[in-house]
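Good morning. I will go through one structure today, starting with charged pairs, then sheets, then a single residue. Please have a look at it first.

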Amino acid sequence: MLVVAGLVFLGAVAMLALGWLRRDKPGLPWLGESERANTTLVVAFGIAIPIVILVALFVVSDLVLMKETDAPRAGETAMGMTVVGHQWWWEVRYGDSDAVTANEIHIPARTPIDLVARSADVIHSFWVPELNRKIDMIPGQANSIELYADEPGVYRGQCAEFCGLQHAHMAFRVYAEPPARFREWLANMERPAREPASAEARRGRRLFMENACASCHTIAGTEARGSIGPDLTHVASRQTLAADTIENTPRNLFRWIRNPQSIKPGDKMPGLGLGAARFQAIAAYLSELR
Ligand code: CUA
């Protein structure tokens with residue numbers, strides 16, 4: 001496309017230069033200055049040539065190149081996956097597995113994945129530049145695209161459709177792993193949350209369940225069954241918080257739950273004003289959820 005557009009641009013510049021050089025002599029040297037010559041010029045450069053070029057580019061890009069990045073046909077991929085866009089985070093479900101995660105997508109490397117993109121609220125766009133083109137997430141509609149990583153590694157993704165105040169903080173990471181490691185990871189994600197080990201964490205769990213936390217988040221194996229915010233069953237196993245906004249360290253986790261609006265203004269998570277000691281206990285509980 002760049003080469004074709006470059007040639008068209010050079011052609012236009014050449015015609016412009018020719019017009020300027022011959023500004024005192026009407027008409028083109030090889031056509032003369034008749035009315036008919038002018039019509040020929042307009043039809044050729046204004047209609048015929050653009051039609052040929054645009055149709056050729058359409059055929060090459062849409063019918064040939066787009067096929068290679070399209071969603072795979074049923075039965076052609078090893079695995080299905082659903083990603084749901086929320087303001088402003090990503091919900092991830094894996095095939096027929098019960099695992100639900102958020103903001104960090106694990107995939108087996110060198111395995112074609114059929115990714116279905118949905119939205120829970122407004123239009124988002126799922127984009128991992130290194131792995132494929134964008135796919136829009138439209139409310140009430142399921143779009144799909146293939147996700148394929150040649151090599152194990154970490155690939156950054158980003159919401160690519162303006163979706164509100166924290167659109168820029170709606171990022172995620174794709175971890176492509178050797179298939180055996182991926183299966184191990186998925187098996188862990190399918191397990192319910194582990195029991196809190198310390199007294200502080202047990203207190204944290206009680207506070208989590210008693211306060212508004214539990215009505216917005218799910219922690220499998222407990223009474224927390226909310227679906228407004230991300231599933232937290234294995235939140236401590238994630239590298240980042242708030243959709244790739246901050247690193248998931250104990251200090252950041254505490255800061256985030258204590259005053260979410262200072263890190264992500266406009267986010268649906270309210271600051272509950274429970275006091276530092278209580279937030280400390282909740283953070284202790286959450287950081288045991290590996
Ligand atoms: Cu979601 Cu922009």
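A salt bridge here is a side-chain nitrogen of Lys or Arg within 4 Å of a carboxyl oxygen of Asp or Glu. Before I use that, two remarks on the source. This is a predicted model, where local features need pLDDT of at least 70 and side-chain atom pairs count only at pLDDT 80 or more, while totals for chains, interfaces and linings use all residues. Residues are numbered from 1 along each chain as its sequence is written, and side-chain values use heavy atoms, with hydrogens and water left out.

How many salt bridges does the rule give? The count is seven. In general, side chains of opposite charge can pair when their charged atoms come close.

Take Glu151 and Arg110, whose side chains form a salt bridge with 3.4 Å from N to O. The two are 41 residues apart, and they link distant parts of the chain: Glu151 is in the loop between strand E8 (143–147) and strand E9 (153–159), and Arg110 is in the loop between strand E4 (104–108) and strand E5 (113–119). As for the labels, helices (H or I, at least four residues) and strands (E, at least two) are DSSP runs, numbered from the N terminus. Accessibility comes in three classes: buried is under 20% relative accessible area, exposed is over 50%, and partly exposed is in between, with a 1.4 Å probe and protein chains only. Glu151 is partly exposed at 47%, and Arg110 is partly exposed at 48%.

The next pair is Arg173 and Asp244, with the closest N and O atoms 3.2 Å apart. Arg173 sits in strand E10 (residues 171–177) and Asp244 in the loop between strand E11 (240–241) and strand E12 (246–247), 71 residues apart. Are these two buried or exposed? Both Arg173 and Asp244 are buried. They also belong to a network of salt bridges that links Arg156, Arg173, Asp244 and Glu247.

Now the sheets. Two strands pair if DSSP finds at least two bridges between them. One open sheet has five strands in the order E3-E2-E1-E5-E8, with mixed pairing. Strand E3 (100–102) and E8 are its edge strands, each pairing on one side only. Inside this sheet, strand E1 (residues 79–86) and E5 pair in the parallel sense over seven bridges, and Gly85 stands opposite Ser119 in E5.

The other open sheet of five strands runs E4-E10-E9-E6-E7, again with mixed pairing. Which strands stand at its edges? They are E4 and strand E7 (135–137); each has a single partner strand, so one side of each is left without a neighbour in the sheet. E9 and E10 pair in the antiparallel sense over six bridges, with Tyr155 opposite Val174 in E10. H3 packs on this sheet and touches E4 and E10, where contact means heavy atoms within 4.5 Å.

Last, Thr218, found in the loop between helix H5 (213–216) and E11. Thr218 is buried, with a relative accessible area of 13%. A polar atom of the Thr218 side chain lies 2.6 Å from the backbone oxygen of Gly226. Leaving aside neighbours within four places in sequence, Thr218 has several contacts, among them Ala224, Pro230 and Leu232.

That is the end of my part.

Definitions and conventions. A polar contact is a pair of N or O atoms within 3.5 Å; within protein, one must be able to donate a hydrogen and the other to accept it, and residues adjacent in sequence count only if both atoms are side-chain atoms. Axes are lines fitted to C-alpha atoms, for helices over the stretch in contact, and angles run from 0 to 180 degrees between N-to-C directions.
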